[in-house]
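Biologist: I should be grateful for a close look at a single part of this model, followed from one element to the next. Please explain each term when it first arises.

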Amino acid sequence: MVIMSSSLTFEPVLERIAEEIERTPGRGRPADYIPALAACDPRSFGMAVAELDGTVYGVGDWRQPFSTQSITKVFTLALDLAREGDELWEHVGREPSGNPFNSLVQLEYENGIPRNPFINAGALVVTDRLLTRTGDAAGELLAFLRAESGNPGLEFDEEVAASESAHGDRNAALAHFMASYGNIDNPVPGLLDQYFRQCSLLASCADLALATSFLARHGIRADGTRLLTRSQAKQVNAVMLTCGTYDAAGDFAYRVGLPGKSGVGGGIIAVVPGRCTLCVWSPGLDERGNSVAGVAALDRFTTLTGLSVF
C-alpha cells in the first residue's frame, strides 16, 4: 500500500540516498567478461524517479548513458505480449529459476521451455517471437524506447554487441538447444545478432525511468495509447518481482518490495504501480550479477518513502 504523501517531492529523498551510498565502502566489481563494462568505475552512481506525468527527478550520474543489458528484456517482453497475448506463455514459463541466468541445466529437464522470460534462454525465446512478428526485434525495441523516453538519440553500442557476440557461445548453445525442441522459429545466428544488439543499448537512468512508466500506468504509453491491458501490465510486473533479479529475486523482494529488473551493466529499473518508476545505476556487482549500490539505494528508497507493493 502506498503511504507516501502525494505532496512530498522526491529530491530530498534522492539526495539523502546518494549521500548514504557515497559513504558505503564496498561497491562490488563490474562485469569483467565484457571489456567495455569492465572499465567502468564501480563507484559511479546515478538514480532517477519518473512520476506518471513525465516529471523526472535525479541525483548523481542520472543522465550518464550506460549499457542496459538485461533491463531491455522487460521491454521486449511487453512488446511481444502486446502482440500475441497468452500464447507467449506456451513457450516460456513464469517461475523463478533458482539457477544462474545463463544456465543450461533446466532446459533439458523441462523440454526446451525456459523457466521465465528474464533468464537468457527465456529472453532469447521472447526476442525470437518478437522477431517473427516484426522482422526486426531490436529495431522495434529501439523505436519504443526512443518514444517512451522522449530521447531520439538512444542507440545501440556496436562495440559492446560485438564483444558479447565474440563471447556468446553459451547463448548460442541455449538457442540451438531450444531450437532442437522446436521452441525457436528463426535461424539462430540472426536471432543472436538481434539479441546482442538489444542488450547493448545505451541509456541513462532518466531515459529508463521514463521508458518504464507504462508499467506504472497499467499499460498506458507516454502518448496516452494503450500498449498492454491492465491485466498484462500486472503480469509483467509480477514476473519482474519474482524473476527480475535472477536467483536473488527473493532477497530483492524482501529488501525492496517492488517489481524490478537488473542488468549486468549495473542498472536496475523498478516500478511503483500507480505512482512512479525508478532507475538506479552503479556498475559494481555482487556475485549474482546485481548492482550492490543499486539494490541498497532501492532498499533505502522504499524504506524512506513507504512506497512498496506490500
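Modeller: Two strands pair if DSSP finds at least two bridges between them. Strands themselves are DSSP runs of E with at least two residues, and helices are runs of H or I with at least four residues, both numbered from the N terminus. Residues are numbered from 1 along each chain as its sequence is written, and side-chain values use heavy atoms, with hydrogens and water left out. The model is predicted: local features need pLDDT of at least 70 and side-chain atom pairs count only at pLDDT 80 or more, while totals for chains, interfaces and linings use all residues.

The part I have chosen is the sheet, together with the helix that packs on it. The sheet is open and has 5 strands, in the order S2-S1-S8-S7-S6, with antiparallel pairing. Its edges are S2 and strand S6 (260-262), each of which pairs on one side only. On average, and with direction ignored, neighbouring strands are turned by 10° against each other; such angles run from 0 to 180 degrees between N-to-C directions, along axes fitted to C-alpha atoms (for helices over the stretch in contact). In general, strands of a sheet pair through backbone hydrogen bonds, either parallel or antiparallel.

Strand S8 (residues 276-281) deserves attention before its neighbours. Of its 6 residues, 6 are buried, where buried means under 20% relative accessible area, exposed means over 50%, and partly exposed lies in between (1.4 Å probe, protein chains only). The cover extends to both faces of S8: Cys276, Leu278 and Val280 are buried on one side, and Thr277, Cys279 and Trp281 on the other.

Two of these residues also serve to locate the partners of S8. Strand S7 (residues 267-272) runs antiparallel to S8 and is joined to it by 6 bridges, with Leu278 in S8 as the bridge partner of Ala270. The hairpin of S7 and S8 has 3 residues between the strands, and Gly274 there takes a positive phi near 80°. S1 likewise pairs with S8 in the antiparallel sense, over 6 bridges; here Ala48 stands opposite Cys279.

From S1 one passes to the edge strand S2. Their hairpin has 4 residues between the strands, and in it Gly54 takes a positive phi near 95°. S1 and S2 run antiparallel and are joined by 5 bridges. Met47 stands opposite Val59 in S2, and Ala50 has Val56 of S2 as its bridge partner. Helix H1 packs on the sheet at this point, touching S1 and S2, and its direction makes about 20° with that of S2; contact here means heavy atoms within 4.5 Å.

H1 (residues 11-22) has 12 residues and reaches 16 Å from its first C-alpha to its last, close to the 16 Å expected at 1.5 Å a residue; the expected span is 1.5 Å times one less than the number of residues. Its buried residues are Val13, Leu14, Ile17, Ala18, Glu20 and Ile21. They lie on the same side of H1 because they cover an arc of only 165° around the axis, the arc being that of the directions from the helix axis to the C-beta atoms. What they pack against is strand S1 (46-51), strand S2 (56-60) and helix H14 (292-305).

Among the buried residues of H1 is one with a carboxylate, Glu20, and its partners complete the picture. A salt bridge is a side-chain nitrogen of Lys or Arg within 4 Å of a carboxyl oxygen of Asp or Glu, and by this rule the count comes to 12. Glu20 meets the side chain of Arg16 in one of them, at 3.3 Å from N to O. Arg16 and Glu20 are separated by about one helical turn, because they are 4 residues apart in helix H1. Arg16 is partly exposed, with a relative accessible area of 43%.

Glu20 also forms a salt bridge with Arg300, the closest N and O atoms being 2.7 Å apart. This pair links distant parts of the chain, since Glu20 belongs to helix H1 and Arg300 to helix H14, 280 residues apart. Arg300 is partly exposed, at 24% relative accessible area. H14 is thus tied to H1 by this salt bridge, and it is also among the elements against which the buried residues of H1 pack.
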